[in-house]
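Open the model in your viewer and clear any existing selection. The stops below are meant to be taken in order.

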Amino acid sequence: MDIVRDRFNRPLQDLRISLTDRCNFRCVYCMPKEVFGTPTHFMPPEDAMTRQEIVTLVRALSGLGVRKVRLTGGEPLLRQDIVPLVRDLAGIADIDDIALTTNGSTLTRARARSLKEAGLHRITVSIDSLDPERFGRINGVGFAPDRVLEAIDNAAEAGLAPVKVNVVVKRGLNDMDIVPLAEHFRFSGHTVRYIEYMDVGTSNGWSRKDIVPAAEILQRLSSRWPLHPVEPLYYGEVASRYAYDDGAGEIGIIASVTRPFCRQCTRARLSADGRLLLCLFAEHGTNLRDMLRNGATEQDIMNTVRQRWEGREDRYSELRNGNPRASKRLEMFQIGG
Ligand code: SAM
Ligand code: SF4
Ligand code: SF4
């Protein structure tokens, strides 16, 4: 097997795939309803990669070193073919980790079980507050937090525990939920991961003052329950991990803005319409789906991806401080978080 490395010697190890750009939520930091109120903002369904196209692309990229795949979106569980897709991906010899990130809104017990049986290894469920009014306002559609908590239970019962619980923290919006969320999940076996609010896309009105820096998140938690750092589990792990001194489990903090981790960024991304993106903040990418639709072979895909990865110099978060923000960045739901 070939390991392909970029200009900064970073290997290509992980692939995030946006399965759809659509979502049944309108989270204020991702797809604000004032901007994304109508279907015209989304791609026509025929533009989305088919299950077969996704499988072919993952097989090709596994030949260049990709071992982990994360399915995301948009809301990946809106794809009706999600279970067979997971099954197909699990059948690719070199892929040894398949994970999925979801808002949990459609994760019934039966669906969680089918995903597990199909070969899903891990699941991340997002929830930004336990307060019904606040959570309803954040998700933009009044969805109740209890239903997401139920989804987390369903995942755990299906054998997908421990669940990672993603919380985007935005000052004034839900920073008051940092401690209650930790309290809820202490001793549950699940890991809450606090994510600094990022300037992805151009529609969420991001401003630096909206960030609650990782240091402050940690301080707020550790002043309540003492915590100690835990070594990363693997090269390129994005969350800084901390364990409660009293044995209640772990939390993670993803400090994408205040402590960028570009140096160890081993991720490529596929947008829902098949563009290969080398950074979360990329503006352009080669369309691999178009290549397939025009007759490219797996070997052609491998050659193209190798060439792109070998030329990769992306490190947006490290440069963010000195640089004006680019104006055409893609939205989070198009790239897949
Ligand atoms: N719909 C699924 C969900 O919400 O879990 C998967 C896609 S979503 C784009 C993936 C992750 O990105 C979610 O945990 C979400 O909270 C996070 N996210 C979205 N916009 C963000 C932003 N501006 N800054 C930081 N994280 C963000
Ligand atoms: Fe949908 Fe996830 Fe974006 Fe929220 S964060 S709008 S659930 S894609
Ligand atoms: Fe990777 Fe780009 Fe994020 Fe840096 S900014 S960690 S290169 S995705």
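Select Asn 166 and Arg 193: Arg 193, in β6, is the bridge partner of Asn 166. Strands here are DSSP E runs of at least two residues and helices are H or I runs of at least four, both numbered from the N terminus. The model is predicted, so local features need pLDDT of at least 70 and side-chain atom pairs count only at pLDDT 80 or more, while totals for chains, interfaces and linings use all residues; side-chain values use heavy atoms, without hydrogens and water. Residues are numbered from 1 along each chain as its sequence is written, with chains lettered from A and ligands numbered from 1 in the order in which they are written.

Extend the selection to the whole of β5 and β6, which run parallel and are joined by six bridges. Is β6 buried or exposed? Six of its six residues are buried, so β6 is largely enclosed by the rest of the structure (buried means under 20% relative accessible area, exposed over 50%, partly exposed in between, with a 1.4 Å probe and protein chains only). Thr 191, Arg 193 and Ile 195 lie on one side, and Val 192, Tyr 194 and Glu 196 on the other.

Now show the full sheet. It is open and mixed, with 12 strands in the order β7-β8-β9-β6-β5-β4-β3-β2-β1-β10-β11-β12; two strands pair if DSSP finds at least two bridges between them. The edge strands, each pairing on one side only, are β7 (227–230) and β12 (286–287). Add helix α6 (residues 178–185), which packs on the sheet and touches β5, β6 and β8; contact means heavy atoms within 4.5 Å. The direction of α6 makes about 160° with that of β6.

Move to β2 (residues 68–72) and β3 (residues 97–102), parallel strands joined by four bridges. Leu 71 has Leu 100 in β3 as its bridge partner. Beyond four places in sequence, the contacts of Leu 71 include Ile 17, Leu 19, Ile 82 and Leu 89.

Leu 71 also belongs to the largest nonpolar core, of 109 residues, and is among those touching the most other members, as are Tyr 194 and Ile 301. Such a core is a set of buried Ala, Val, Leu, Ile, Met, Phe, Trp, Tyr and Cys residues joined through side-chain atoms within 4.5 Å.

Finish at ligand 2. Around it are Cys 23, Phe 25, Cys 27, Tyr 29, Cys 30, Met 31, Gly 74 and Asn 103, each with a heavy atom within 4 Å of the ligand.

Key:
Axes fitted to C-alpha atoms, helices over the stretch in contact; angles between N-to-C directions.
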